[in-house]
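Subject: Structure handover and findings

Dear colleague,

Please find below the structure that I am handing over to you. I should be grateful if you would read the notes beneath it with the coordinates open.

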Amino acid sequence: MIKMDSHIHSEYSPDSFAKIDDILRCAKRENIDVIAISDHNTVDGTSEVLRKTRNTDILAIPSIEISSADGHILGFGCEENIPRDLTPEDTIDRIHDLGGLAIIPHPYCFYRHGLLHKTDYKNLKIDAIEVKNARFIAGYCNNKAKNLSKKENIPGLGASDAHYYEFVGDCYSLLDCEKDIESIFKAIKKGKIEAHGKGTSNILLSKYLFEKNVLKKFD
């Protein structure tokens with residue numbers, strides 16, 4: 001089994017200031033085999049992490065979190081930017097055209113632009129959804145996503161959605177496959193994946209918000 005955190009934000013996202021080197025250090029500490037830097041509407045973080053993980057034990061998979069017109073979608077495996085504010089259908093088509101998987105992060109969560117809050121999943125060619133997102137304070141949306149995953153046989157992932165490097169690995173996926181991108185994609189599509197982990201610590205979250213919103217102003 002390999003351990004993967006498929007949804008991590010770096011300083012290339014406007015709401016994070018996590019350095020790639022710090023993310024990699026924490027991923028190694030948490031024994032994570034595979035990571036994806038899924039920054040908002042940019043692959044700049046992906047480009048950096050791909051360079052820094054060459055010839056290392058950590059496999060980095062390209063990724064991007066795209067703001068579609070109705071909510072966020074991960075372009076898992078995408079190395080190119082995809083325009084924001086397209087319809088979800090067009091966004092997913094762009095992801096597939098680039099050879100990526102369309103994964104729905106924090107589904108149903110209206111205050112975090114969760115796609116399925118507004119859009120009927122039956123109209124979308126979804127490859128997978130997050131059923132364990134570490135940044136939920138309450139478990140309602142995770143449970144709803146888990147129920148959908150079971151009902152419609154949509155593969156369910158765990159991911160930290162870390163915006164602060166200390167959150168990396170709070171939630172993660174275990175996959176029954178080899179550690180290469182092709183094998184990982186096949187395992188996800190076949191549902192050979194398990195979501196694990198815990199919610200992010202409110203103490204660490206408060207520390208991060210204080211550093212981000214208060215101390216950062218004095219840098």
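The notes that follow take up the largest pocket, several individual residues, two of the helices and the cysteines. Please bear in mind throughout that this is a predicted model.

**The largest pocket**

The largest pocket holds about 420 Å³ of space. It is lined by 24 residues, and those closest to its centre are Val-131, Lys-132, Lys-146, Gly-156 and Ala-195. Three elements, β7 (128–133), α4 (140–152) and β10 (193–197), each give two or more residues to this lining. The helix α4 gives the most, with five residues. As to chemical character, the lining of the largest pocket comprises eight nonpolar, ten polar and six charged residues.

**Asn-133 and His-106**

Asn-133 belongs to strand β7. With a relative accessibility of 2%, Asn-133 counts as buried. Its side chain makes a polar contact of 2.7 Å with the side chain of Glu-130. In addition, a polar atom of the Asn-133 side chain lies 3.0 Å from the backbone nitrogen of Arg-135. When residues up to four places away in sequence are not counted, Asn-133 touches His-7, His-106, Arg-112, Asn-142, Ala-159, Asp-161 and Cys-171.

One of these contacts, His-106, deserves a separate remark on its backbone. His-106 is found in the loop between β6 (101–104) and β7. Its phi is positive, at about 30 degrees, although His-106 is not a glycine. His-106 counts as buried, because its relative accessibility is 2%, and the cut-off is 20%.

A positive phi also occurs at Asn-41, a residue other than glycine, where the value is near 60 degrees. Asn-41 is placed in the loop between β2 (34–37) and α2 (44–52).

**Helices α5 and α6**

Helix α5 covers residues 181–189, and Ser-183, Ile-184, Phe-185, Ala-187 and Ile-188 are buried in it. At the N-terminal end of α5, Asp-180 acts as a cap: one of its side-chain oxygens lies 3.3 Å from the backbone nitrogen of Glu-182. After α5 comes Gly-191, with a positive phi near 75 degrees.

Lys-207 is located in helix α6 (residues 202–213). At 37% relative accessibility, Lys-207 counts as partly exposed. How far apart in space are Lys-207 and Ile-184, given that 23 residues separate them in sequence? From C-alpha to C-alpha, the distance between Lys-207 and Ile-184 is 34 Å.

**Thr-200**

Thr-200 sits in the loop between β10 and α6. Its relative accessible area is 12%, and Thr-200 is therefore buried. The side chains of Thr-200 and Asp-170 are joined by a polar contact of 2.9 Å. Apart from neighbours within four places in sequence, the residues in contact with Thr-200 are Ala-134, Arg-135, Phe-167 and Asp-170.

**The start of the chain**

Met-1 lies in the segment before β1 (2–8). Is Met-1 buried or exposed? Its relative accessibility is 59%, so Met-1 counts as exposed. Even so, Met-1 is in contact with Asp-33, Leu-174, Leu-175, Asp-176 and Glu-194, leaving aside neighbours within four places in sequence. The C-alpha atoms of Met-1 and Asn-55 are separated by 21 Å, and these residues are 54 places apart along the chain.

**Cysteines**

How many disulfides does the structure hold? The number is zero. A disulfide is a covalent bond between the sulfur atoms of two cysteines. The cut-off applied to a pair of cysteine sulfur atoms is 2.5 Å.

Why is there no bond at Cys-78? The closest cysteine sulfur to that of Cys-78 is in Cys-177, and the separation of 19 Å is too far for a bond. Cys-78 itself counts as buried, with 0% relative accessibility.

For Cys-141, the closest cysteine sulfur is in Cys-109, at 4.6 Å, which is also too far for a bond. Cys-141 counts as buried as well, at 11% relative accessibility.

Yours sincerely

Definitions and conventions. Residues are numbered from 1 along each chain as its sequence is written. This is a predicted model: local features need pLDDT of at least 70, side-chain atom pairs count only at pLDDT 80 or more; totals for chains, interfaces and linings use all residues. Side-chain values use heavy atoms; hydrogens and water are left out. On a 1 Å grid over the protein atoms alone, a cavity is a set of points where a 1.4 Å probe fits but cannot get out, and a pocket is an open set with protein on both sides within 12 Å along at least five of seven lines; lining residues have an atom within 4 Å of a point. Grid points are joined across faces, edges and corners, and a volume is the space filled by probe spheres set on the points. Helices (H or I, at least four residues) and strands (E, at least two) are DSSP runs, numbered from the N terminus. Ala, Val, Leu, Ile, Met, Phe, Trp, Tyr, Cys and Pro count as nonpolar, Asp, Glu, Lys and Arg as charged, and the others, Gly among them, as polar. Buried means under 20% relative accessible area, exposed over 50%, partly exposed in between (1.4 Å probe, protein chains only). A polar contact is a pair of N or O atoms within 3.5 Å; within protein, one must be able to donate a hydrogen and the other to accept it, and residues adjacent in sequence count only if both atoms are side-chain atoms. Contact means heavy atoms within 4.5 Å.
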